[in-house]
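Got the viewer open? Let's take a walk past some aromatic rings and see what keeps them company.

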Amino acid sequence: MSDRWYSEAVVYCLDIDTYADSDGDGVGDIRGLIGRLDYLARLGVTCLWLHPIHPSPNDDDGYDVTDFYNVDPRFGTLGDFAELLHQASNRGIRVIIDLVVNHTSDQHPWFQSARSSPDSPYRDWYVWSDQEPADRYQGMVFPGEQHETWTYDRAAKAWYYHRFYKFQPDLNTTNPAVRDEIKKIMSFWIQLGVAGFRMDAVPFIIERTEPGDPNPELDFEFLTDLRQHVQWRRGDAVLLAEANVEPDNLPAFFGDSGGSANRLHMLFDFMLNGRLMLALARQDPEPVVEALRDTPALPQGGQWATFLRNHDEIDLSRLTAEQRNEVYAQFGPEEHMRIYDRGIRRRLAPMLGNDRRRIELAYSLQFALRGTPVLRYGEEIGMGEDLSLDGREAIRTPMQWSNQPNAGFSTAEPEKLVRPVIDKGEFGYEKVNVTLQRRDRTSLLAWFERMIRTLREAPEIGCGSTSHIDVPMPPGVLAHRADGPTGTMVFLHNLGTADAEVDLSRLQPEADLPVDVLADRNYDDVGKLDKLQLSGYGYRWIRLCRSWSH
Ligand code: NOJ
């Protein structure tokens with residue numbers, strides 16, 4: 001593995017509260033997670049991304065923090081957390097945590113103090129306006145659930161700014177004291193042993209917000225500063241950021257100093273996510289080809305994080321309205337499967353009609369594309385969603401471990417569970433669970449293990465360059481390659497239903513002993529690469545050549 005471990009990582013994200021409950025109170029906890037580390041190690045995960053772990057009133061699933069220097073008491077203690085880091089490290093797993101510093105909860109003592117008086121030492125830690133700002137109704141991130149971005153606070157006798165829900169007042173990151181505090185928070189967790197942060201809402205963190213200005217300037221130097229700070233504290237710490245902005249604006253988030261990224265190491269590839277959804281919906285790889293072509297070149301050390309599903313709705317805002325409707329028609333046809341016009345609140349397996357071939361195809365494609373793959377808990381066993389729950393909660397149900405009561409997640413009475421387990425239909429825990437799939441060598445879980453192992457044997461996918469192989473292709477088929485110091489991999493993915501034959505003989509001169517290393521079924525040997533068979537929804541990962549001398 002190279003020093004840039006994050007380029008070859010397999011990231012798995014989870015909410016502690018819905019993963020595993022060790023003490024039977026109905027809420028998942030750190031000790032429960034520690035008990036599942038062997039499962040994650042076997043799956044091949046090398047980095048865990050934990051959703052917010054801090055104390056919180058939980059009005060936004062922990063993205064509303066009341067104390068940045070502690071863990072939510074429902075999850076355990078700081079001691080438990082240190083033990084988690086130790087146990088994870090023993091298994092070669094790094095841990096990164098969500099850092100949510102664009103805003104706090106309105107219950108945070110800082111905000112409580114700030115609102116209480118203009119003389120509070122924390123007053124200037126938030127963003128205020130004495131008058132009603134002209135942009136009060138602009139810039140909402142959650143239209144439909146959020147009605148304004150400036151709210152009048154009676155106690156403060158002033159308006160405060162919030163990009164997100166009104167219980168999430170934005171921190172004033174132009175204030176040097178706030179900047180210092182953010183660095184202190186990062187130092188604290190790095191000192192405990194985290195390998196980095198998933199930074200929430202980064203474009204908003206660096207806004208120089210002024211009342212009445214809906215398009216404030218962005219202060220990228222603050223990111224340079226944070227990066228330097230983090231790197232001094234831990235050389236290999238990583239910043240993985242959520243910055244869902246127009247592609248042209250992405251390079252500034254990586255930064256570039258003499259050709260090397262000097263701000264964020266990794267960004268989630270939202271553009272690719274939307275294009276993958278469109279490609280799957282159309283059964284046509286063209287949107288992915290476009291995405292590969294259109295994404296800006298990265299400075300050294302910059303890396304994409306790819307994903308199909310995360311803890312939020314599928315955000316299709318980077319697609320045109322027409323494209324969005326195509327995806328909706330296929331994957332979220334009913335209104336209750338969507339959150340207003342913001343996106344689809346479903347997991348992947350039900351979106352793809354629980355068609356095993358299609359699920360494998362989709363994940364094979366995500367993992368074979370450039371970047372570091374991020375997998376959301378439960379996807380590895382093909383969990384479903386519960387659309388009777390509100391908003392994004394639909395995809396935040398407890399992990400399904402077994403066919404024991406509460407899916408083996410908790411021994412509490414069902415009404416005490418943090419969220420109900422899915423217990424009905426084809427995604428009910430009696431049909432979809434880890435224990436069942438563990439025993440079955442043909443299960444989706446077994447497939448994920450195999451696929452991830454194969455990926456880890458092909459580091460050029462993460463750290464090499466990826467390009468579309470632009471030769472005539474049957475409809476629905478994508479061919480791409482990954483080249484790196486370790487050699488070359490070639491990938492075929494058939495997004496359509498018709499069987500196909502692909503001619504890649506022009507790659508023959510580069511091949512040493514070409515061989516399938518992963519495929520949806522047993523195919524004939526790759527031969528001269530001129531008659532490669534590919535089933536409908538099929539995929540083949542072919543090692544073209546291997547360099548042992550890197
Ligand atoms: C982005 C997170 O992914 C989302 O879950 C959260 O609601 C907002 N940021 C606000 O923190």
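Before you click anything, here's the rule for the first stop: a charge sits over a ring if NZ of Lys or CZ of Arg is within 6 Å of the ring centre and within 35 degrees of the ring normal. Keep in mind, too, that this is a predicted model.

Now select Tyr 328 and Arg 338. The charged end of Arg 338 sits over the Tyr 328 ring, 5.0 Å from its centre. Next, pick Trp 128 and Arg 123: here Arg 123 lies over the ring face, at 4.6 Å from the ring centre.

On to rings meeting rings. How many aromatic pairs does the count come to? It comes to 34 aromatic pairs. Try Tyr 39 with Trp 401: the ring centres are 5.0 Å apart and the planes are at 80°, so this pair is edge-to-face. Colour the chain and you'll see that the two come from distant parts of it, 362 residues apart. Tyr 39 belongs to helix H2 (residues 37-43), while Trp 401 is in the loop between strand E14 (372-376) and helix H14 (434-438). Both Tyr 39 and Trp 401 are buried.

Stay there and add Tyr 12, Tyr 19 and Tyr 377 to your selection: together with Tyr 39 and Trp 401 they form one aromatic cluster.

For the last stop, select helix H13 (residues 356-368) and show Tyr 363 and Phe 367, which sit four residues apart, about one turn of the helix. Their rings make an edge-to-face pair, 6.4 Å centre to centre with 70° between the planes. Are Tyr 363 and Phe 367 buried or exposed? Both are buried.

How values were computed
Residues numbered from 1 in each chain as written. Predicted model: local features only at pLDDT ≥ 70, side-chain atom pairs only at ≥ 80, totals over all residues. Heavy atoms only, no water. Phe/Tyr/Trp six-rings, centres within 6.5 Å; stacked < 30°, edge-to-face > 60°. Buried < 20%, exposed > 50% of the residue type's maximum accessible area, 1.4 Å probe, protein only.
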